[in-house]
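Work through the exercises below with the sequence and coordinates open. Each task is followed by a solution in steps.

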Amino acid sequence: MKRVIIMRHAKSSWKDSSLSDHDRPLNKRGKRDAPRIAKALYELGWIPDLVLSSTSERTRETWHGMEGHISDDEIPVKWLSSFYHGGTSEVLAELAKLDDSVETVLCLGHNPGWEDVVASMSNKPTRMTTANAVLLESESSSWCEDFAFVDILRPKELD
């Protein structure tokens with residue numbers, strides 16, 4: 001079984017207008033929500049073997065807020081400039097490079113591209129607000145086909 005977690009970065013700050021969009025950090029809510037989603041993924045057993053992430057500051061901070069709560073082991077991360085303003089073609093290109101040693105991958109990025117990724121991979125249009133994580137799985141041997149929508153995790157719905 002192959003599993004993909006499509007996650008939008010946690011809530012970012014607009015406080016410092018001198019920063020570029022790429023360099024915006026998380027705000028207080030974002031720093032709170034990232035570990036909450038990680039804990040929920042851990043409790044569900046959705047622990048990634050690999051993280052594919054945008055290079056933006058807010059995606060980096062999202063992952064750093066998650067990593068200590070999702071696994072006791074260090075999970076490798078591939079930082080991808082293509083995921084910043086990326087979408088379906090960028091995600092599918094990276095998934096196509098994965099081998100059979102990876103069973104679960106977390107793709108961390110941005111909207112509007114991530115909503116397109118979910119709709120394309122699962123045929124289920126889904127609104128993805130900050131720190132939402134969509135769980136997709138497939139029985140296929142290919143990383144790029146036959147994914148079913150399993151669930152969506154939203155920070156405000158977690159206890």
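The exercises go from the overall fold to the sheet, the cores and single residues; the model is a predicted one.

**Exercise 1. Overall fold and dimensions**

Task: Determine how many helices and strands the protein has and in what pattern they follow one another, then judge its compactness from the radius of gyration.

Solution:
- Step 1. The protein contains four helices and six strands.
- Step 2. Along the sequence, these elements follow the pattern β-α-β-α-β-α-β-α-β-β.
- Step 3. The radius of gyration is 14 Å, close to the 15 Å given by the globule rule for 159 residues, so the protein is as compact as a globular protein of that length.
- Step 4. The C-alpha trace spans about 45 × 30 × 30 Å along the principal axes.
- Step 5. Of contacts between residues at least 6 apart in sequence, 74% join residues at least 24 apart.
- Step 6. The accessible surface is about 7,900 Å², and 45% of it belongs to carbon and sulfur atoms. Buried residues account for 49% of the 159 residues.

**Exercise 2. The sheet and its helices**

Task: Establish the strand order of the sheet, identify its edge strands, and find which strands helix 1 and helix 2 lie across.

Solution:
- Step 1. Six strands form an open sheet in the order 3-2-4-1-5-6, and the pairing is mixed.
- Step 2. Strand 3 (77-80) and strand 6 (148-153) each pair on one side only, which makes them the edge strands.
- Step 3. On average, neighbouring strands of this sheet are turned by 20° against each other, direction ignored.
- Step 4. Helix 1 (residues 28-44) lies across strand 1, strand 5 and strand 6, and runs at about 135° to strand 6.
- Step 5. Helix 2 (residues 57-70) lies across strand 1, strand 2 (50-54), strand 3 and strand 4 (104-109), at about 140° to strand 4.

**Exercise 3. Strand 1 and its partners**

Task: Describe how strand 1 pairs with strand 5 and with strand 4, and decide from the burial of its residues how far strand 1 is enclosed.

Solution:
- Step 1. Strand 1 (residues 2-8) and strand 5 (residues 133-138) run antiparallel and are joined by six bridges. V4 stands opposite L136 of strand 5.
- Step 2. Strand 1 and strand 4 run parallel, also with six bridges. The bridge partner of M7 in strand 4 is L108.
- Step 3. Seven of the seven residues of strand 1 are buried, so the strand is largely enclosed by the rest of the structure.
- Step 4. The cover is found on both faces: K2, V4, I6 and R8 are buried on one side, and R3, I5 and M7 on the other.

**Exercise 4. The buried arginine**

Task: Classify R3 as buried or exposed from its relative accessibility, and list its contacts beyond four places in sequence.

Solution:
- Step 1. R3 is in strand 1.
- Step 2. The cut-off for buried is under 20% relative accessible area. R3 has 18% relative accessibility and therefore counts as buried.
- Step 3. Leaving aside neighbours within four places in sequence, R3 is in contact with G45, W46, I47, E103, T104, V105, L136, E137 and W143.
- Step 4. One of these contacts, W143, is 140 residues from R3 in sequence, with a C-alpha to C-alpha distance of 8.7 Å.

**Exercise 5. The nonpolar cores**

Task: Find which residues of the largest nonpolar core touch the most other members, and which element gives the most to this core.

Solution:
- Step 1. The largest nonpolar core has 22 residues, of which V4, I6, L95, V105 and C107 touch the most other members.
- Step 2. Two or more residues each come from strand 1, strand 2, helix 3 (88-96), strand 4, helix 4 (113-122) and strand 5.
- Step 3. Helix 4 gives the most to this core, namely four residues.
- Step 4. Beyond four places in sequence, the contacts of C107 include V4, I6, L52, F83, L95 and W114.
- Step 5. Another core lies apart from this one; it has 21 residues, among them W46, I70, I75 and L135.

**Exercise 6. Backbone exceptions**

Task: Locate the cis peptide bond and place H85 and N123, which have a positive phi, in their loops.

Solution:
- Step 1. Most residues other than glycine have a negative phi, and most peptide bonds are trans.
- Step 2. The peptide bond between N111 and P112 is cis, with omega at about 5°. P112 is in the loop between strand 4 and helix 4.
- Step 3. H85 is not a glycine, yet has a positive phi of about 70°. H85 is in the loop between strand 3 and helix 3, and counts as exposed at 65% relative accessibility.
- Step 4. N123, also not a glycine, has a positive phi of about 60°. N123 is in the loop between helix 4 and strand 5, and is exposed with a relative accessible area of 70%.

Note on methods. Residues are numbered from 1 along each chain as its sequence is written. This is a predicted model: local features need pLDDT of at least 70, side-chain atom pairs count only at pLDDT 80 or more; totals for chains, interfaces and linings use all residues. Side-chain values use heavy atoms; hydrogens and water are left out. Two strands pair if DSSP finds at least two bridges between them. Axes are lines fitted to C-alpha atoms, for helices over the stretch in contact, and angles run from 0 to 180 degrees between N-to-C directions. Contact means heavy atoms within 4.5 Å. A nonpolar core is a set of buried Ala, Val, Leu, Ile, Met, Phe, Trp, Tyr and Cys residues joined through side-chain atoms within 4.5 Å. Buried means under 20% relative accessible area, exposed over 50%, partly exposed in between (1.4 Å probe, protein chains only). The radius of gyration is taken over C-alpha atoms; the globule rule is 2.2 Å times the number of residues to the power 0.38. Accessible areas come from the Shrake-Rupley method with a 1.4 Å probe; for residues, only the protein chains shown count as cover.
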